Amino acid sequence: MAVDRIPVLKRCRSLGLDPTYLGIDKKSNRDSKRGNRKLSEYGLQLREKQKAKFIYGVLEKPFRNYYAKASRMEGQVGENLMILLERRLDNVVFRMGLARTRKEARQIVDHKHVLLNGKGVNIPSMLVKAGDVIEIKEKAKSSARYKEIIEQTAGRVVPAWIEADAENLKGSVKALPAREEIDVPVDELLIVELYSR
């Protein structure tokens, strides 16, 4: 499996991204060396795509598949793409505050700590639907790891389309997210322009 080993803060700096969107509280003190260089139109489009891929932890091929799926759905392609990325199981676990970062949420799902509608799942890219109930397995609930996570994510705002119960380490998807409810700093129109070249 491909692993991205680029330091997170370095990558955030190069993409002009605030690390808080990834669930990281650290700040980079350095300035980007390429900060004063003007980007071409293609460069801007590519950077937006790289931002979306980096935030959600998706590689090129699955991202292209999400784009293809979004273009077959009704409505605007860019909005559909962002909604598909937001519906990933690892992202929903992160949004509920059951993980500090999306990478940690992916690991939690990979290690089969998550139950989706009462069944154990280990596929982070699984898309959730409205009405799905997500919870941490009983066996894992008592571990010190989740107590730490809940303490650290206590102040995080849970989106309106998700209902979270931090004490019982569970939550549900009330409805599918609308684009206005997704607070990710990505201009999806530039991604659509890039793929429609």
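1. Two strands pair if DSSP finds at least two bridges between them, and helices (H or I, at least four residues) and strands (E, at least two) are DSSP runs numbered from the N terminus. In those terms, strand 4 and strand 5 form a hairpin with four residues between them, and L169, in the turn, has a positive phi of about 50 degrees. The two strands of this hairpin run antiparallel and pair over four bridges, with K170 of strand 5 as the bridge partner of D165.

2. A word on the basis of these remarks: this is a predicted model, in which local features need pLDDT of at least 70 and side-chain atom pairs count only at pLDDT 80 or more, while totals for chains, interfaces and linings use all residues. Residues are numbered from 1 along each chain as its sequence is written, and side-chain values use heavy atoms, with hydrogens and water left out.

3. The hairpin belongs to an open sheet of five strands, ordered 2-1-3-5-4 and paired in the antiparallel sense. Strand 2 (119-121) and strand 4 (162-165) each have a single partner strand and stand at the edges, so one side of each is left without a neighbour in the sheet. Neighbouring strands are turned against each other by 25 degrees on average, direction ignored, where axes are lines fitted to C-alpha atoms (for helices over the stretch in contact) and angles run from 0 to 180 degrees between N-to-C directions.

4. Elsewhere in the sheet, strand 1 (residues 114-116) pairs with strand 2 in the antiparallel sense over three bridges, and V114 has V121 as its bridge partner in strand 2. Strand 3 (residues 133-136) and strand 5 (residues 170-173) also run antiparallel and are joined by three bridges; here the bridge partner of E135 is K170.

5. K141, found in helix 7 (residues 138-141), deserves a separate look. Its side chain makes polar contacts of 3.3 Å with the side chain of E138 and of 3.3 Å with that of E135, a polar contact being a pair of N or O atoms within 3.5 Å in which, within protein, one must be able to donate a hydrogen and the other to accept it, and residues adjacent in sequence count only if both atoms are side-chain atoms. A polar atom of the K141 side chain also lies 3.0 Å from the backbone oxygen of N168. Leaving aside residues up to four places away in sequence, K141 touches E135, I136, Y146, N168 and L169, contact meaning heavy atoms within 4.5 Å. The C-alpha atoms of K141 and L169 are separated by 7.2 Å, although the two residues are 28 residues apart along the chain.

6. Turning to the helices, helix 3 (residues 60-72) and helix 4 (residues 77-86) pack at about 125 degrees with their axes 8 Å apart. That makes helix 3 oblique to helix 4, since angles under 35 degrees count as roughly parallel, over 145 as roughly antiparallel, 65 to 115 as roughly perpendicular and the rest as oblique. On the helix 3 side F63, Y66, Y67, K69, A70 and S71 meet V77, N80, L81, L84 and L85 of helix 4.

7. Helix 4 also meets helix 9 (residues 188-195), their axes coming within 8 Å and crossing at roughly 110 degrees; the two helices are therefore roughly perpendicular to each other. The contact is made by V77, G78, E79, L81 and M82 of helix 4 together with E188, I191 and V192 of helix 9.
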